[in-house]
Amino acid sequence: MFFQSQHRRDCAAKQEERQRKLDGLPSSFFETCTETDNKVLDLSLSELVQRHTAGSLSTASILNAYGKKAVSAQKATNCLAEVMIQEALVPKDLASPTGSDCTDVPEQRPKPLSGVPANHPVSSSSAIVRLLHDAGAITHVKTTVPPGLFGLETSSDLFGRTSNPYNNKFSSGASTGGGGALLACRGSVIEVGTDLGGSTRLPAHFCGIYAMRSSIGRFPSQGTLPPIPGLESLATISAPMSRRLEDLEEFWKRVVEMRPWEYDTTCVPLPWRPINLSKTKLKFGVVWEDGIISPSPACRRALEWVCDALEKQGHEVVDFSPPSIPEGLNVGFQLCFGDGGAGFFGPLRKDEKLDPVMVAIRSLSGMPLWLKKFLAMVTRKFTGDEVWASMLEKFHPKTPAEERALVLSRDEHRERWYQAWEYEGLDFVLTVPHALPAIPAGTAEKVTLVSASYSMIFNILDFVAGVLPVSFVDRESDALPKDFMQSDDYKNMGLISKGAYSVYDADAMHGLPLGVQVVGRRFEEEKVLQGMKVVEDALEGSGRKFIPREF
């Protein structure tokens, strides 16, 4: 028998523990949902809380329905990291109803999330987990994430690969890919993930669900484990995801009403500010291109549908040419890996497998600067790809002075965006969440982390950004022209764009969800949620309401 490393033994032990938890569940959790279960699953967050608080719906009934869906989701997609259904069925100690270590919060406050299945893949010491428990939410599972919470696919030595519910040959996204898959399978009401470069919005786009990242300080994030600890110049935040837009808005509202600044000292004490845009004529600016990867035909069509629907409702939709997205992204990546990747790669075990995109980042980080500059020169000369060349020559460890200069560059970029937004008089910006639909399993290295540009730019700007599902890939209307690879459009693409388009196949991707991103400025969370509602209502009004597949 071959020697197994401690890492491999630990992974095997964790997988066995998860399987024991699954095997220990009552047989009823492996049965199909009954009519009663489906009625529970169909309840909105508000309805579920109201009935659970009134006593007409028990915790056991909620867990029976959502537990069944979680178990079936695990079988279909491998999305669960830990199963806590049995523990959730046990009544909490009346003397300490939440187990919270937040001493500033009165124990008798209302429970605005009573009975709501809401999960977060972190320890119970984080501010959001303590708040959820105090609000009466139920944590019944933890979901899978990739190593270090960075990547385009959710895959790890610990739990294997999490697949897309719509097609198991494709990615569920990352880093909250397990949460995205679970929600699409109706295994939870709310999932809370972390977001540094689109880690909740990409799974929402890939899996046909909803997500919104806030500005830093609006949603409790203290105590979570970021991919790069201590990185303040591009901070990681926690962000919720849901199956319904109304649930996402209601969850946001109820979390803020719990006064999250009493749980997380980094939270801004900003109460919920209701807003109604249903009768307001709005101005939307559309970013069609990021200057790196043009949206695939499928993703562009979803954005076009939204624009057409909004115009039919009387809203103004204009093209918006913002300050350079590649320039902002370049600054963001340098800030993320200004330590040469030590913060991210340091905790990795010796033989731990990484997402291929992070293997490429590590290789690039370790390459001598003179070699990177030489490769940048060759890239410019023979391909004309200025985006990739610029990233190559600037991707190296930074001195404190260089890092401070980058922070100034970031702030200047933010100011230019603000001025451009003000000049156009926009209410919202619309973009694709990613240039592609869900990518095929194992292709992240070709697509590269740079492809997250449409989502990551708004982390760099600290803008509020939400994603909602719009349509599905259609093998006929979304196909590339037969001679596309010989066309001038393809020949003029940069290396990053060519890599991404090498995996695009409308026929193989047929039926995968497509989302659109609605963006507002800093601390406009309430407004962006309403903007998402305006978009969803406009699509329904034009006969294009998104109807998710039943799993």
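**Close-up views of the nine-stranded sheet and D427**

**View 1. V429 sits opposite V519 of strand 15.** Strand 13 (residues 428-431) and strand 15 (residues 513-520) run antiparallel and are joined by three bridges. Strands (E, at least two residues) and helices (H or I, at least four residues) are DSSP runs numbered from the N terminus. The model is predicted: local features need pLDDT of at least 70 and side-chain atom pairs pLDDT 80 or more, while totals for chains, interfaces and linings use all residues. Residues are numbered from 1 along each chain as its sequence is written, and side-chain values use heavy atoms, without hydrogens and water.

**View 2. Nine strands form an open sheet with mixed pairing.** The strand order is 2-8-10-9-14-15-13-11-12; two strands pair if DSSP finds at least two bridges between them. Strand 2 (118-119) and strand 12 (316-319) are at the edges with a single partner strand each, so one side of each has no neighbour in the sheet.

**View 3. Helix 18 (residues 453-461) lies across strands 8, 9, 13, 14 and 15.** Its direction is at about 25° to strand 15 (axes are lines fitted to C-alpha atoms, for helices over the stretch in contact; angles between N-to-C directions run from 0 to 180 degrees).

**View 4. D427 lies in the loop between helix 16 (400-424) and strand 13.** D427 counts as buried at 19% relative accessibility (buried is under 20% relative accessible area, exposed over 50%, partly exposed in between; 1.4 Å probe, protein chains only). A polar atom of the D427 side chain lies 2.8 Å from the backbone nitrogen of K283.

Notes. Contact = heavy atoms within 4.5 Å. Polar contact = N/O pair within 3.5 Å; in protein donor to acceptor, adjacent residues only side chain to side chain.
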